[in-house]
Amino acid sequence: MSYWAIDPPSVAVMELAIVNHVLVFCPLPDIGQKFLAAAIDFTFMCIHLRSVKGGGIINTILTAVKILPFLFIVGFGAFYINQELFLSPQPLDTAAATGNLGIVALLAGVSATT
């Protein structure tokens, strides 16, 4: 995958997330945050310009790093499931009682991913 084929908003979000994580350990002024984000973008661009295959490997590693915390939370949370919530005869709310929960859940899922 070429650097130019990557979704630009996702690259910008990733840069801002990295900068926000760095700010926890090293406070930077506003201009320093912008320069750090630009340096991260330049680094990713150079990796992809040097080798598309290397850029793909970096992309795979970053994707795994983003997914692993969610898998850990889901796996860890599976041991603390309250089974009484699944067996309750009471509906959660009026949307669940009328059958409209499916479309609400679908819209919530779509809005969360866009």
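Start with two helices in this predicted model. H1 and H2 pack with their axes 9 Å apart, at an angle of about 130 degrees. That angle makes H1 oblique to H2, because it falls in none of the ranges for roughly parallel, roughly antiparallel or roughly perpendicular. The crossing has a hand as well. H1 passes H2 in a right-handed crossing.

Now look for empty space. The largest pocket holds about 310 Å³. Which elements give two or more residues to its lining? They are helix H1 (8-25) and helix H3 (52-77). H1 gives the most, with six residues.

Next, find the lining residues by name. Ser10, Val13, Met14, Ala17, Ile18 and His21 are among them. So are Leu62, Val65, Lys66 and Pro69. What classes make up this lining? Seven of the residues are nonpolar, two are polar and one is charged.

Finally, ask how confident the prediction is. Across the protein chain, pLDDT averages 77. A score of at least 70 is reached by 70% of the residues. Where is confidence highest, and where is it lowest? Helix H2 (residues 30-50) has the highest mean, at 88. Helix H5 (residues 94-98) has the lowest, at a mean of 54. So H2, the partner of H1 in the packing described above, is also the helix where confidence is highest.

Definitions and conventions. Residues numbered from 1 in each chain as written. Predicted model: local features only at pLDDT ≥ 70, side-chain atom pairs only at ≥ 80, totals over all residues. Heavy atoms only, no water. pLDDT = per-residue confidence, 0-100. Helix = DSSP H or I, 4+ residues; strand = E, 2+ residues; numbered from the N terminus. 1 Å grid on protein atoms, 1.4 Å probe; cavity = no way out; pocket = protein on both sides within 12 Å on 5 of 7 lines; lining within 4 Å. Points joined across faces, edges and corners; volume = space filled by probe spheres on them. Nonpolar A, V, L, I, M, F, W, Y, C, P; charged D, E, K, R; others polar. Axes fitted to C-alpha atoms, helices over the stretch in contact; angles between N-to-C directions. Parallel < 35°, antiparallel > 145°, perpendicular 65-115°, else oblique. Left-handed = near helix turned anticlockwise from the far one by under 90°.
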